[in-house]
Amino acid sequence: MAREKWCCDSMQGASAHRRGRAIFVFADPPSEEGGEVRFWLASRALDYDMIREDPPPVIPPYLALTPSTRQSIAFCPWCGSRLSRFYRRRYTQLLDSELDTEFGSPGSPGSD
Ligand SMILES: [Zn+2]
């Protein structure tokens with residue numbers, strides 16, 4: 001595997017927080033049909049292990065809490081690098097298939 005290289009320290013830090021109760025970044029690989037790599041800015045309000053519990057934790061309706069959410073991004077939120085360009089040959093360092101359970105597998109319905 002090629003040595004990791006990051007567009008900025010903030011992006012590296014946000015990638016390292018994928019298991020935290022935090023704002024973080026990750027990527028989905030291109031589809032087998034030759035789609036694009038998708039980059040995500042995400043946040044998690046509960047501990048990672050708690051979200052993965054089966055059954056999932058019951059959240060009282062009055063809290064109106066979204067346990068985790070994500071938004072597709074094209075540019076680094078911190079330095080502005082175009083992600084598809086900077087990570088064209090390095091996107092694997094942002095992949096995390098374990099997050100499929102939480103956010104849905106790439107291309108699955110409702111994964112946006
Ligand atoms: Zn950056």
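This is a short tour of a predicted model, stop by stop.

**Whole chain**

Start with the full chain shown as a cartoon. Four helices and three strands make up the secondary structure. Follow the sequence from its start and the pattern reads α-β-β-α-β-α-α. The radius of gyration is 15 Å, close to the 13 Å that the globule rule gives for 112 residues, so the chain is as compact as a globular protein of that length. Along the principal axes, the C-alpha trace spans about 45 × 35 × 25 Å.

Now colour by burial. Of the 112 residues, 17% are buried. Turn on contacts between residues at least 6 apart in sequence: 51% of them join residues at least 24 apart.

**The sheet**

Select residues 23-28, 38-44 and 68-73. The ranges are β1 and β2, then β3. Together they form an open sheet of three strands, ordered β1-β2-β3, with antiparallel pairing. β1 and β3 are the edge strands, each pairing on one side only. From one strand to the next, the twist averages 30°.

Which strand pairs with β1, and over how many bridges? β2 does, in the antiparallel sense, over six bridges. Two pairs are worth labelling here. I23 has S43 in β2 as its bridge partner. D28 is matched with R38, also in β2.

Move across to the other side of β2. β2 and β3 pair in the antiparallel sense, again over six bridges. Label A42 and find its bridge partner in β3, R70.

Stay on β2 and check its cover. Five of the seven residues in this strand are buried, leaving β2 mostly covered. While the side chains are on display, keep one rule in mind: in a regular strand they alternate between the two faces of the sheet.

**The core**

Next, select F24, V25, F26, A27, F39, W40 and L94. In the largest nonpolar core, which has 15 residues, these touch the most other members. α1 (9-16), β1 and β2 each supply at least two residues of this core. The largest share, four residues, comes from β1.

Centre the view on V25, which is found in strand β1. Is V25 buried or exposed? It has 25 C-beta neighbours inside 10 Å, and 20 or more is the cut-off, so V25 counts as buried. Show its contacts, leaving aside neighbours within four places in sequence. They are M11, A14, S15, F39, W40, L41 and L94. Now draw a line from V25 to G104. These two residues are 79 apart along the chain, and their C-alpha atoms are separated by 15 Å.

Shift to L94 and do the same. Not counting residues up to four places away in sequence, L94 touches S15, V25, F26, A27 and Y87.

**Before the first helix**

Go to W6, in the segment before α1. W6 has 19 other C-beta atoms within 10 Å; buried would need 20 or more, so W6 is partly exposed. Beyond residues up to four places away in sequence, it touches M11 and Q12. For a sense of scale, pick Q71 as well. W6 and Q71 are 65 residues apart along the chain, with 20 Å between their C-alpha atoms.

**The loop between α2 and β3**

Finish in the stretch that follows α2 (48-51) and runs to β3. Two backbone features deserve a look. For background, most residues other than glycine have a negative phi, and most peptide bonds are trans.

Zoom in on P55, which lies in this loop. What kind of peptide bond joins D54 and P55? The bond is cis, with omega about 5°.

Then step along to A64, in the loop between α2 and β3 too. Phi of A64 is near 45°, a positive value in a residue other than glycine. Count the surroundings of this residue: with 7 C-beta neighbours inside 10 Å, against an upper limit of 12 for exposed residues, A64 counts as exposed.

For a last view, set V25 and A64 side by side. V25 is buried, whereas A64 is exposed.

Technical notes: Residues are numbered from 1 along each chain as its sequence is written. This is a predicted model: local features need pLDDT of at least 70, side-chain atom pairs count only at pLDDT 80 or more; totals for chains, interfaces and linings use all residues. Two strands pair if DSSP finds at least two bridges between them. Axes are lines fitted to C-alpha atoms, for helices over the stretch in contact, and angles run from 0 to 180 degrees between N-to-C directions. Two residues are in contact if their C-beta atoms, placed from the backbone, lie within 7 Å. The radius of gyration is taken over C-alpha atoms; the globule rule is 2.2 Å times the number of residues to the power 0.38. A nonpolar core is a set of buried Ala, Val, Leu, Ile, Met, Phe, Trp, Tyr and Cys residues joined through C-beta atoms within 7 Å.
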